[in-house]
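I opened the notebook today to look up how the helices pack, how the domains sit and how the chains meet. The entries below follow the order in which I looked.

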Amino acid sequence: MTKRRKLLEFVIQGLIRLCGYSAIVFVALIFLFLLQEGLPALSEVPLSSLLGARWYPIQNLFGLLPLLLGSIVVTLGAAVIAIPFGVATAVFIAEVAPRWMREILKPFVEILAGLPSVVLGFLGILVLVPLIRTGFNLPTGLTALTGSILLAAMSLPTIVSVAEDSLDAVPKSYRDGALALGATKWQTIWRVTLPAAKSGVLTAIMLGLGRAIGETMAVMMVTGNAAQMRWDALFYPIRTMTATIAAEMGEVARGTTYYHVLFLIGMILFLISFLVNILASSMLFRAKKRAERMLS
Amino acid sequence: MRISRIVTQRIAFTLLTLVMAATMLGILAIIAYIFLKGLPALSPEFIFSMPTHGMREGGIWPAIVGTVYLTLGTAVIAVPIGLLAAVYLSEYASDSPFTRAIRIAIVNLAGIPSVVYGLFGLALFVLFLGLGSSIAAACLTLSIMTLPVIISTAEEALRSVPQAFRLVSVSMGGTRWQTVWRIVLPQALPGILTGVILGLERAAGETAPILFTGAAYFLPQLPKSIFDGTMALPYHLFVISTQVPGMPVKIQYGTALVLLIFVLAMNLVATLIRSYYRSRRQW
Amino acid sequence: MSAVVLFLLVTACSFSSSSNKNQSNIITNRGSDTMVNLALAWAEAYAKEFPQVEISVSGGGSGIGIAALINNTVDIANVSRAMTDTEIQEAKKNGVYPLQFIVARDAIGVIVNPSNPVTNLTLGQVSDIFSGKINNWRDVGGEDRPIVRVSREVNSGTHVFFLQAVIQLGNPTDKTIFAASTLLLPSSEGIIAEVSQNPNAIGYDGLGYITSEVKVLGLALDPAGPFIEPSSTTVRDHSYAIARDLYMYTNGEPTGALKEYLDWIRNPEAQQVVTTLGFIPIT
């Protein structure tokens with residue numbers, strides 16, 4: 001091998017290694033910048049104030065609870081809608097649909113994943129908002145529920161594709177065994193396949209909802225953005241953490257308390273998605289390990 | 001009396017089919033509705049002319065061009081990095097705790113909310129590096145966001161290339177890089193392309209990450225350098241559906257349709273590449 | 001491969017070279033959503049007369065314009081309220097010296113759905129409604145319906161002005177603020193959209209945004225009247241209570257193209273644009 005070849009090989013390997021590490025570098029960078037800009041908020045605003053019930057930053061009221069509640073309510077609402085639809089669709093695609101149908105249905109669901117959230121938000125404003133107000137006889141159609149419906153649509157493709165993968169990964173021998181024992185196809189799905197794919201399906205749900213809690217534009221367009229706390233929040237306007245950042249970030253001057261608090265909210269969102277993803281991937285990992293053990 | 005298990009099965013399958021049909025019909029309805037409402041607005045003039053009269057008339061050309069710029073710029077940055085990272089993971093890295101940390105980082109990168117990317121882009125590219133609100137800052141932000149999609153799909157494609165191919169190349173005296181460059185990459189190309197397009201599709205449709213890093217409400221001319229801000233289709237749709245008074249609904253639906261066609265076309269291309277090569281694959 | 005290396009190099013270069021703002025005849029203009037359509041109309045009209053000058057316009061809110069001015073990333077900040085002392089101090093810390101130009105006047109109308117029988121309110125009632133003391137239209141002579149309060153986002157100059165002039169009734173020591181249940185919409189257009197389709201809603205918006213789809217209320221200082229609706233006459237003779245100046249801010253005394261543009265804005269021809277957009281000219 002010539003010297004030049006060797007040198008080239010060396011340079012390229014270095015480059016590849018560097019790019020390989022990039023994901024870690026970027027996650028670290030993102031976390032560092034959020035820390036650097038968000039942590040000062042903790043010393044500038046007393047904790048009791050951050051845990052307050054009122055978000056009105058231009059009068060220095062930085063209560064984060066209503067925003068947290070808003071994000072949670074919208075996401076839970078989305079979960080109630082998306083889980084049955086998503087899991088049922090996944091079961092249908094993986095277990096019931098004939099092969100040709102699968103080939104059509106899977107890419108079709110993926111289209112939903114590609115729909116820009118502003119397009120859904122736009123339709124939400126024009127079609128869904130008036131419908132919700134008159135249909136549920138509410139004071140206004142800009143509610144958490146409206147956001148939940150859009151978020152359900154957005155988290156559906158994640159739930160379907162991950163859940164379908166995990167159902168697909170259940171060994172055929174499980175099903176054959178159940179069927180051989182005289183179980184119906186449905187009994188096999190309900191008692192054998194679904195329980196065997198349980199952790200995969202749970203992971204799918206978590207990843208889907210992780211995506212939902214981080215969604216911004218559609219939610220900002222249809223939830224009314226009122227930072228209020230009430231027990232029946234699902235049917236009233238709420239304000240999510242993501243919408244708060246998107247609506248207010250452009251405004252604030254760099255280095256002010258307000259700026260730091262918005263980054264603190266970003267940090268909270270980052271940590272939530274971090275937790276969700278760590279949990280989800282460790283669950284998948286364990287499931288894989290268990291499957292290997294059982295099959296060996 | 002107990003319901004017979006055959007009846008139970010029938011009920012369950014009917015329910016499953018209904019739910020599935022509802023989901024699919026929902027998706028179809030969304031797309032059909034936008035096509036129906038938006039199609040009358042489409043004309044060469046709408047696509048190729050500048051907006052006039054406070055954006056209430058004229059076309060959306062600068063927004064289309066802006067989205068193309070942002071998508072290409074993102075590709076230029078994210079594709080090489082993502083591809084090499086995938087090569088590293090599938091061809092070079094051993095299964096060490098460090099490699100596992102990289103995988104966890106990728107999964108996390110994929111899960112970070114888009115608006116947090118916007119915050120990060122603002123803090124690092126716009127302010128810290130002084131790029132200002134510009135195409136450059138927006139593309140860099142979008143690149144980091146699309147990176148995990150590109151890495152994981154490209155890695156999957158690389159891994160699906162049978163080990164035998166590599167063994168043959170190496171046994172004939174090929175170096176590791178030669179093996180990757182001449183043998184593995186070409187074989188995995190369709191899969192990689194699919195991943196790249198799906199990643200870019202997401203970048204093209206996103207609003208939140210470019211909100212503070214490069215999107216402009218209105219520009220009278222097309223951007224001239226990567227340090228100019230730009231209009232973009234998703235942000236434009238957000239603007240005209242929430243910010244401009246007396247905006248004709250027709251233009252709103254027209255813009256939504258153009259954006260939809262943009263991402264659907266990318267999606268279609270990705271799906272076609274995948275199914276075409278899957279059917280032709282000989283191993 | 002060389003192409004890949006080239007990509008990386010280009011990326012690296014874009015990191016190191018700093019952005020070059022303020023090129024001779026590009027004027028960047030950013031801020032108040034109330035003013036964005038006015039600024040857009042001016043920019044379009046000016047571009048017709050002086051095609052060599054390029055004016056980019058973005059909205060987002062007065063706060064966004066001020067922040068951009070303080071960070072020195074914009075030539076003109078459009079602001080629908082006077083800058084506060086704190087903001088001016090912050091600007092000076094960054095080496096920016098804000099200079100104020102009054103470019104138009106605006107009145108804020110309190111609006112309800114056309115089907116709402118209420119036609120007049122006192123300022124005190126409006127204050128009580130928005131601060132949450134009054135929650136049913138019955139209490140101000142309307143139907144038995146819940147009140148839905150609709151407001152601009154907190155980063156809007158209109159929001160701040162309404163808070164000070166109406167909710168706190170111009171009393172700087174008053175600490176009353178919006179009720180927590182107030183809907184905060186990211187744009188003026190969103191307010192019109194919600195109020196025009198929701199019979200429970202009450203909102204406020206700059207005169208330039210108000211369309212015939214909503215009903216403007218007459219306002220009075222005390223219950224005896226007279227109740228006055230906003231118009232160019234009632235704003236000019238100061239009989240309508242909530243009116244304000246609209247400003248543009250620059251960093252220091254403007255020169256060159258920037259100066260010519262600001263001079264042009266204040267001439268009668270440009271002020272004609274103000275009238276057609278529903279604002280009140282300064283001359």
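**Entry 1: a helix pair in chain B**

I began with the residues that face each other, and I found that B:Phe165, B:Arg166, B:Ser169 and B:Val170 of α7(B) meet B:Thr179, B:Ile183, B:Val184 and B:Gln187 of α8(B). I sorted this contact by class and noted 4 nonpolar, 3 polar and 1 charged residues. I should record here that I am working from a predicted model.

I then looked up the geometry, in which helix α7 (residues 163-171) of chain B packs against helix α8 (residues 176-205) of chain B at an angle of about 160 degrees, with the axes 10 Å apart. Because angles over 145 degrees count as roughly antiparallel, I entered α7(B) as roughly antiparallel to α8(B). The crossing in which α7(B) passes α8(B) is right-handed.

**Entry 2: a second helix pair in chain B**

I asked myself at what angle the axes of α5(B) and α6(B) cross. For helix α5 (residues 114-128) and helix α6 (residues 135-159) of chain B I read roughly 135 degrees, with the axes coming within 9 Å. That angle makes α5(B) oblique to α6(B), and α5(B) passes α6(B) in a right-handed crossing.

On the α5(B) side I listed B:Ser114, B:Tyr117, B:Gly118, B:Gly121, B:Phe125 and B:Val126, and on the α6(B) side B:Ala137, B:Leu140, B:Thr141, B:Ile144 and B:Met145. By class, I noted 7 nonpolar and 4 polar residues in this contact, with no charged residue.

**Entry 3: domains of chain B**

I took the domain bounds next, and the assignment for chain B gives domain 1 as 2-39 and domain 2 as 42-279. The centres of domain 1 and domain 2 of chain B, taken over C-alpha atoms, are separated by 32 Å. Where they touch, 6 residues of domain 1 of chain B are in contact with 6 residues of domain 2 of chain B, and the domain 1 side holds 4 nonpolar, 1 polar and 1 charged residues.

**Entry 4: chain B against chain A**

How many residues does each chain bring to the contact between chain B and chain A? I wrote down 67 residues from chain B and 65 residues from chain A. Helix α1 (residues 5-38) of chain B gives the most to the chain B side, with 14 residues. When I divided that side by class, I had 50 nonpolar, 15 polar and 2 charged residues.

**Entry 5: chain C**

I turned last to chain C, for which I noted 10 helices and 11 strands. Along the principal axes, its C-alpha atoms fill a box of roughly 75 × 50 × 35 Å. Of the 283 residues of chain C, 49% count as buried. Among contacts in chain C between residues at least 6 apart in sequence, I found that 71% join residues at least 24 apart.

Chain C is divided into domain 1 (3-105 + 245-276) and domain 2 (106-243), and 30 Å separate the centres of the two, taken over C-alpha atoms. The contact between them takes 15 residues from domain 1 of chain C and 14 residues from domain 2 of chain C. On the domain 1 side, α2 (33-49), α3 (62-70) and β4 (98-112) of chain C each supply at least two residues, and α2(C) gives the most, with 4 residues. I closed the entry with the classes of that domain 1 side, which are 5 nonpolar, 7 polar and 3 charged residues.

Technical notes. Residues are numbered from 1 along each chain as its sequence is written. Chains are lettered from A and ligands numbered from 1 in the order in which they are written. This is a predicted model: local features need pLDDT of at least 70, side-chain atom pairs count only at pLDDT 80 or more; totals for chains, interfaces and linings use all residues. Domain bounds come from an automatic or database domain assignment. Two residues are in contact if their C-beta atoms, placed from the backbone, lie within 7 Å. Ala, Val, Leu, Ile, Met, Phe, Trp, Tyr, Cys and Pro count as nonpolar, Asp, Glu, Lys and Arg as charged, and the others, Gly among them, as polar. A residue is buried if 20 or more other C-beta atoms lie within 10 Å of its own, exposed if 12 or fewer, and partly exposed in between; C-beta atoms are placed from the backbone. Axes are lines fitted to C-alpha atoms, for helices over the stretch in contact, and angles run from 0 to 180 degrees between N-to-C directions. Angles under 35 degrees count as roughly parallel, over 145 as roughly antiparallel, 65 to 115 as roughly perpendicular and the rest as oblique. A crossing is left-handed if the near helix is turned anticlockwise from the far one by less than a right angle, and right-handed if clockwise.
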